[in-house]
Amino acid sequence: DPQQLELATSGKKKLKRFIVIDEVVDKLYGSKVREYFEQNDVHHKILALPTTEETKSMDLVLNILQEVQKFSIDRRTEPIIAIGGGVCLDIVGLAASLYRRRTPYIRVPTTLLSYVDASVGAKNGVNFLQCKNKLGGYTPPVASFLDRSFIQSIPRRHISNGLGEILKMALMKHKGLFDLLKSHGKYLLDTKFQSYSFCADRGDAALQTTRIAIETMLEELAPNLWEDDLDRLVDFGHLISPELEMKVLPSLMHGEAVNIDMAFMTYVAYTRGLITAKEKEQIIQCMRGLELPVWHGGCSWPLIQKALSERLKHSGGQPRMPLPTGLGIAEIFNDTSEETLEKAYKLWVRD
């Protein structure tokens with residue numbers, strides 16, 4: 001809006017920004033963030049909060065909104081800024097969507113998982129009654145600012161955690177991405193997704209990997225932003241994992257739980273004859289190379305049955321099970337028998 005732009009740049013109205021930052025990120029980067037707003041003469045309020053799966057609740061959303069109300073922002077021209085991992089982006093997105101019915105917000109992901117997953121799309125939400133993301137909505141941010149330099153300060157396990165979601169897109173849609181992960185997985189873990197000019201022989205694997213992951217995610221999400229069509233390849237790894245993740249909190253991170261789900265579904269695909277034994281082994285070996293868990297004791301047969309039963313409730317009475325039919329290609333199936341699932345489970349447990 002030219003009028004709003006003129007008002008913002010004329011100096012007649014001082015810029016205001018309300019920022020929610022994860023408390024761990026604040027310890028690492030808070031001084032730089034404050035310095036940035038001070039140097040640009042922006043009146044700002046920075047709210048540092050513990051944003052974890054355990055605190056991902058409506059209580060935290062309401063805490064944020066109380067502070068927003070005290071600070072007072074323009075509901076159309078002063079976006080709320082979220083700086084943190086996926087949980088932070090989800091919570092702030094929901095808070096912004098509720099405040100004055102739709103206040104704009106900006107996502108600044110600081111973990112690999114949020115960089116390639118939570119930064120893309122329209123969904124936001126919080127956990128409710130021990131169920132993952134049971135409350136939420138669809139309000140896209142006005143922008144996502146992607147800066148890989150944040151990722152260099154996160155622990156190695158968090159890098160591996162993000163690789164789980166990247167591998168999901170590789171297995172569903174892009175064999176080239178799968179090959180990149182297979183060839184450069186250890187390098188990406190070692191370098192924490194930073195780009196180094198002296199490693200030109202790697203063809204900047206970090207940039208290629210993140211770009212392809214985000215582009216394939218956008219290809220899937222953009223035509224179906226509001227999830228009117230419940231057949232979604234991006235649900236691969238998300239049939240069993242919500243139940244598992246909430247049951248064993250905080251021992252498994254999101255990407256790890258997703259990968260355990262994907263490992264089981266790989267065995268389901270193999271048992272159905274959709275992939276060969278060699279392809280199954282390639283997938284499992286790639287997961288191990290990315291230092292992702294391929295099994296967890298909490299993923300019992302009763303838990304799988306319960307998770308699939310929950311799946312039917314919110315996917316129109318069909319399982320809508322995405323399964324690989326090769327490396328980098330997949331289809332959605334509604335006809336996997338319980339006998340096949342149990343056979344796959346026993347094989348998975350045995351291995």
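This is a short talk on the cysteines, aromatic pairs and ring-facing lysines in this structure.

Okay, housekeeping. What you're looking at is a predicted model, where local features need pLDDT of at least 70, side-chain atom pairs count only at pLDDT 80 or more, and totals for chains, interfaces and linings use all residues. Residues are numbered from 1 along each chain as its sequence is written, and side-chain values use heavy atoms, with hydrogens and water left out.

Cysteines, then. How many disulfides turn up in a search of the whole structure? Zero, where a disulfide is a pair of cysteine sulfur atoms within 2.5 Å. Take C131: its closest cysteine sulfur is the one in C299, 17 Å away, so that's too far for a bond. C286 also has C299 as the closest, at 20 Å between sulfurs, again too far for a bond. Are these two buried or exposed? By our cut-offs, buried is under 20% relative accessible area, exposed is over 50%, and partly exposed is in between, with a 1.4 Å probe and protein chains only. C286 is buried at 4%, while C131 comes out partly exposed at 27%.

On to the rings. We pair rings of Phe, Tyr and Trp (its six-membered ring) if their centres lie within 6.5 Å; planes under 30 degrees apart are stacked, over 60 edge-to-face, and the rest tilted. That rule gives nine aromatic pairs. One of them is F18 with F71: centres 5.9 Å apart, planes at 55°, so we call it tilted. Where do these two sit? F18 is in strand 1 (residues 16-22) and F71 in helix 3 (residues 58-71), so to speak distant parts of the chain, 53 residues apart. Helices here (H or I, at least four residues) and strands (E, at least two) are DSSP runs, numbered from the N terminus. Both F18 and F71 are buried.

Now W295 and W348. Their ring centres are 4.9 Å apart with planes at 75°, so this pair is edge-to-face. W295 lies in the loop between helix 11 (277-289) and helix 12 (301-313), W348 in helix 13 (residues 338-350), so parts 53 residues apart in sequence get tied together. W348 is buried at 5%, but W295 is partly exposed at 38%. Both belong to a cluster, linked by ring pairs, with F264, W301 and Y345.

Last bit: charges over rings, meaning NZ of Lys or CZ of Arg within 6 Å of the ring centre and within 35 degrees of the ring normal. K16 lies over the face of F71, 4.7 Å from the ring centre. K280 does this over Y270, at 5.1 Å.
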